[in-house]
Amino acid sequence: MSQRIVDQSQRKMLLVALLALAGCATNPVTGNRELALISEGQEIQMGQQAAQEVEASLGLVKDADLQAYVRRVGMAMASKSERPKLPWRFGVIDDPTPNAFALPGGPIYITRGLMSLMDSEAELAAVLGHEIGHITARHSVSQMSKAQLTQLGLGLGMILAPQLQNLGGALSQGMQLLFLKYGRDDERQSDDLGFRYSLNQGYDVREMDDVFASLARTAELEQRSALPSWLSTHPAPEERIQRINQKVAALPGLPAAAIVNRADYLGQVDDLVYGADPRQGFFRNGEFLHPDLRFRLQFPRDWKTQNLPQAVMAGSPRGDAMIQLTLSKGSPTDAANAFFGQQGIQSTQVGRDNVNGIPAVTGYFQVQTQQGVLAGFAAFLQHNGNTYQLLEYTGSNLLQSYDQVFRSVARSFAPLTDPSILNVRPNRIDVVRLQSPMSLSDFNRRNPSAISINELVLINQVASANTVLPAGSYVKRVVAG
């Protein structure tokens, strides 16, 4: 394979040309004039499109009251920020991993995993205020602009010397905006802005460090999900806790009635699903089981798997092969004709099949893509009123080595009949008000939880299981479904 080289002078000329085309904008927070490759209109459009993809891919918690509550808290701060006229939107993502993220131009999301971890409206305001700060200071736009400049030479190199890219990266395609990592200065600025937004709304900003302290202890809560954990997308909380405490100490005083709203907040998370929701499908020893849709599918045990609302995906350990299960339209024949009939797809050995009593159409395909020539096996199966599309693909030169794996996965699709799995229910949060003082360990003995005592300590934000809670305290436990 030959490789053309772009010399440094060419790259410098192209970079100068790009900078000449770039505009400047005033940062609404700092007032400074900054390089802006992305206008506010583009920022808003990009954020709105990304929000639609996020909600379709990850899904929102189906609780209108909870969504309205988070939206109300967020809008109160956003409407008083430096960019009040942005099309702000707030939502709770149905994901068990504790995290929150902001998209360009207004959309902000928090996971139900983080909602489970917090215990007051003041803490919620601190998290939303921090994410609002990323948007008002245009941090994501800055990150994208810098990335565009940094990747200019690399992009030219890829055009002039195309190479087959790692297929494993497809697991996160279209979600890059969620995973933008901000520098420490951006995180500090967002902390400061969130602190100010919360304070201006009358919240007790002393609650802010409790969020970071809890997040620092969340390793035991991290689960495989569509989202990364907070700690993988944010700097370590220790320094931030210290800075927040210094800011609180520097205040002349807090309002006499600083808002905490613990009871209101816990009322919103009472009965919230806790942890992974098995009704939406789950993996066990590499096998995917879906109680609601009543099917099972066996993946290779050493492959990386993901369960998203619109797809179940698996990637090979080397990142050079992919399996994707989605819903399709029409009968298996209709779905197969629609897929194999696409322009550019070459198909072979397409025909009717029967997989564990399920009518199917299967066949091989090959297609030229920007990543190279892909080849694979496709199966279209009809079960319980739905038609499923199973695509398994790799580089054309590797198809023979993966063929047995692909066919084995396809032939493992079967009805789910085990009553213990069909009737599984998710764990939920149950908020209890103490009638008398007691330690968390005593509370757990009287009101057993479906989680460990260490996890119970974490979600109740107490120092240890022996911490005595006063009468009238609200305590979370987790009850089995």
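What covers the buried residues of H3? The legends below take up this and related views of a predicted model.

**Figure 1. Cover over helix H3 in the predicted model.** The cover over the buried residues of H3 includes two strands, E3 (89-93) and E5 (107-111). It also includes the helices H4 (112-117), H5 (121-136), H8 (184-200) and H12. The residues of H3 that are buried are Leu 66, Gln 67, Tyr 69, Val 70, Val 73, Gly 74, Met 77 and Ala 78. Viewed along the axis of H3, these buried residues fall within an arc of 165°, so they line one face of the helix. Ala 64 and Asp 65, on the other side of H3, are exposed.

**Figure 2. Length of helix H3.** The 15 residues of H3 should span 21 Å at 1.5 Å a residue, and the C-alpha atoms at its ends are 20 Å apart, which agrees. Within the protein chain, confidence is highest in H3, with a mean pLDDT of 98.

**Figure 3. Packing of H3 against H12.** The axes of H3 (residues 64-78) and H12 (residues 262-269) are 9 Å apart and form an angle of about 140°. From H3, Asp 65, Leu 66 and Tyr 69 take part, meeting Asp 264, Tyr 265 and Gln 268 of H12. Sorted by class, this contact has three nonpolar, one polar and two charged residues. Two of the H3 residues named here, Leu 66 and Tyr 69, are buried, whereas Asp 65 is exposed.

**Figure 4. Surroundings of Ile 358 in strand E14.** Strand E14 covers residues 358-369 and contains Ile 358. Ile 358 counts as buried because its relative accessibility is 4%, below the 20% cut-off. Leaving out residues up to four places away in sequence, Ile 358 touches Asp 353, Leu 381, Gln 382, His 383, Phe 413, Ala 414 and Pro 415. Phe 413 lies 55 residues from Ile 358 along the chain, with 8.5 Å between their C-alpha atoms.

**Figure 5. Low-confidence stretches of the protein chain.** The average pLDDT of the chain is 82, and 79% of the residues score at least 70. Residues 1-23 stay under 50, and the model gives them 23 contacts beyond four places in sequence. Over residues 146-179 the pLDDT is also below 50, with 56 contacts in the model beyond near neighbours in sequence. Helix H7 (residues 152-160) has the lowest confidence, at a mean of 28. Where pLDDT is low, predicted coordinates should not be read in detail.

Key:
Residues numbered from 1 in each chain as written. Predicted model: local features only at pLDDT ≥ 70, side-chain atom pairs only at ≥ 80, totals over all residues. Heavy atoms only, no water. Axes fitted to C-alpha atoms, helices over the stretch in contact; angles between N-to-C directions. Helix = DSSP H or I, 4+ residues; strand = E, 2+ residues; numbered from the N terminus. Contact = heavy atoms within 4.5 Å. Nonpolar A, V, L, I, M, F, W, Y, C, P; charged D, E, K, R; others polar. pLDDT = per-residue confidence, 0-100. Expected span 1.5 Å × (residues − 1). Buried < 20%, exposed > 50% of the residue type's maximum accessible area, 1.4 Å probe, protein only. Arc of directions from axis to C-beta.
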